[in-house]
Amino acid sequence: MSKNIIVTGGAGYIGSHTVVKLVESGFNPIIIDNFSNSSPEIISRIELICKKKIKTYNLNCSDQKKISENINWNEIDGIIHFAAYKSVSESFKKKEEYFLNNIESTNILLRISEKYNINNFVFSSSCTVYGNPTTLPVTEKTELKKPSSPYGETKKICEELIQCSAIKNFTILRYFNPIGAHESALIGEHPSNIPNNLVPLICECAIGKREKLTIYGNDYSTKDGTCIRDYIHVCDVAQAHVHALQNMIKKTKTKQIFNIGLSKGFSVLELIKLFEKNNNIKIDYEFGKRREGDVEKIYADCNLAKKELNWAPEKTIRIALIDAWNWEKEKKNLRQIIL
Ligand code: UD1
């Protein structure tokens, strides 16, 4: 019988792609999402891709009472916890809300896992826990520095809470920069608020929603002065969750942390050029000031995930940028449906 996996934040960007991968791999995902930064329409689209109804609860993961009462936790085999606030810049303005929401929801899910003996827990963490690293690429053994934002601090604290919990199996996935969208262009990144992340902003410039992209800083100590990141296709990130679950189900006691990236560093300027070349479209940009909380350069060593999870990215950055652009064009229809 297929295993029931709770996916909190399953209508979100990485969550929705993971739900699709779970169905494709024979799991039965059950979504919890309060649609605070996503749309219920995404659920219909996931169902269209999977040709299957996905059980969905409209609940806030920080609401212990409702979370406990509304779900039959005895039937749950695993939890993938995505639901969290995720904007670096917003986290400086709303520090308390970020701490309350991100930490409280993780705590509640951990206590539920302990109570109902649910021993397969996957946590959505971020390379932000490495702060501004001094050696590159970063491995899972790289020293954790103070994260450069309150958002990053919440991820670091959640990792510690998981490691202190009594659950037998957990996997913490530290994603680098997920980009792109599902090849069908039916799901992708769809924030309710103004996007903060680079690729959605590039796409908005390309489609004419935004006049110009501001590159945050060109005086970093990198090849062209702009920051370096490790951009990875969201479907490869989603697949890592399936491998993590399969690995935990196979073994009796697994407590592991993995980097999930493409293991290549691209500068902001390089990414813009790649977008332009592969989608045959021009992006107007200007250089602005550095953004608070940005690290200069970071990219991953993912050999551990390869070895232990038998996971490696399958999609190139080129495909990721083409899929991102196809999704942006398709999103116009989504906006019409929602409005
Ligand atoms: C950060 C975290 C990442 C987290 C993500 C969540 C780090 C190193 N990474 O990603 O783990 O998942 O937030 O949102 O902390 N940029 C511009 N102009 C723009 C927007 C972005 O130049 O208008 C630049 C940024 O300065 C950065 C790069 O593009 O160098 C990527 O930015 P973004 O997409 O926001 O992601 P991170 O901040 O790297």
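Which residue has an N or O atom in its side chain 3.0 Å from an oxygen atom of the ligand? Keep that question in mind while you look at the structure above, which is a predicted model. Here are some points to follow on it.

1. **The ligand and its contacts.** The residue asked about is N177, whose side chain places an N or O atom 3.0 Å from a ligand oxygen. R229 also uses its side chain: an N or O atom there is 2.5 Å from an oxygen atom of the ligand. T214 takes part through its backbone instead, with an N or O atom 2.7 Å from a nitrogen atom of the ligand. There are 23 residues around the ligand, and those that come nearest are S126, L198, T214, R229 and D294.

2. **A closer look at D294.** You will find D294 in the loop between strand 13 and helix 10 (303-309). Is D294 buried or exposed? Its relative accessibility is 18%, and because buried means under 20%, D294 counts as buried. The side chain of D294 also has a protein partner, making a polar contact of 3.0 Å with the side chain of R291.

3. **Strand 8, home of T214.** Now turn to strand 8, which covers residues 213-216. In a regular strand, side chains alternate between the two faces of the sheet. Strand 8 has L213 and I215 on a covered face, while T214 and Y216 belong to an uncovered one. Strand 8 pairs with strand 13 (residues 285-288) in the parallel sense, over 4 bridges. To find the pairing on screen, start at L213 and look for Y285, which stands opposite in strand 13.

4. **The open sheet.** Next, trace a sheet of 7 strands. It is open, its pairing is parallel, and its strands come in the order 3-2-1-4-5-6-11. Why does one side of strand 3 (56-57) and of strand 11 (255-260) lack a neighbour in the sheet? Strands 3 and 11 stand at the edges and have a single partner strand each, so one side of each is left without a neighbour. Elsewhere in the order, strand 1 (residues 4-8) runs parallel to strand 4 (residues 78-81), and 4 bridges join them. A handy landmark for this pair is V7, which stands opposite I80 in strand 4.

5. **An enclosed helix.** Helix 2 (residues 41-50) is worth a look from several angles. Of its 10 residues, 8 are buried, so the helix is largely enclosed by the rest of the structure. The buried ones are E41, I42, I43, R45, I46, E47, I49 and C50. Right after helix 2 comes K51, which has a positive phi, near 50°.

6. **The largest cavity.** How many cavities of 30 Å³ or more does the whole structure hold? The search finds 2. The largest has about 80 Å³ of space. Its lining includes Y13, I179, W327 and K331. Helix 7 (198-207) and helix 11 (317-338) each supply at least two lining residues, and helix 11 provides the largest share, with 4. By class, the lining has 7 nonpolar, 1 polar and 3 charged residues.

7. **The second largest cavity.** This one has a volume of about 30 Å³. Among the residues lining the second largest cavity are H81, N102, F123 and K155. Helix 5 (95-115) and helix 6 (150-164) each give at least two residues to this lining, with helix 5 giving the most, 3 residues. Here the classes are 4 nonpolar, 4 polar and 1 charged.

8. **Backbone details to check.** Which peptide bond is cis, with omega near -5°? That is the bond from L136 to P137, and P137 sits in the loop between strand 5 (120-126) and helix 6. Two further residues are of interest for their phi values. A185 is a residue other than glycine with a positive phi, near 60°, and lies in the loop between strand 7 (177-179) and helix 7. N310, also not a glycine, has a positive phi near 55° and lies in the loop between helix 10 and helix 11. Their surroundings can be read from accessibility: A185 counts as buried at 10%, whereas N310 counts as exposed at 64%.

Methods: Residues numbered from 1 in each chain as written. Predicted model: local features only at pLDDT ≥ 70, side-chain atom pairs only at ≥ 80, totals over all residues. Heavy atoms only, no water. Buried < 20%, exposed > 50% of the residue type's maximum accessible area, 1.4 Å probe, protein only. 1 Å grid on protein atoms, 1.4 Å probe; cavity = no way out; pocket = protein on both sides within 12 Å on 5 of 7 lines; lining within 4 Å. Points joined across faces, edges and corners; volume = space filled by probe spheres on them. Nonpolar A, V, L, I, M, F, W, Y, C, P; charged D, E, K, R; others polar. Pairing = 2+ DSSP bridges. Near = heavy atom within 4 Å. Polar contact = N/O pair within 3.5 Å; in protein donor to acceptor, adjacent residues only side chain to side chain.
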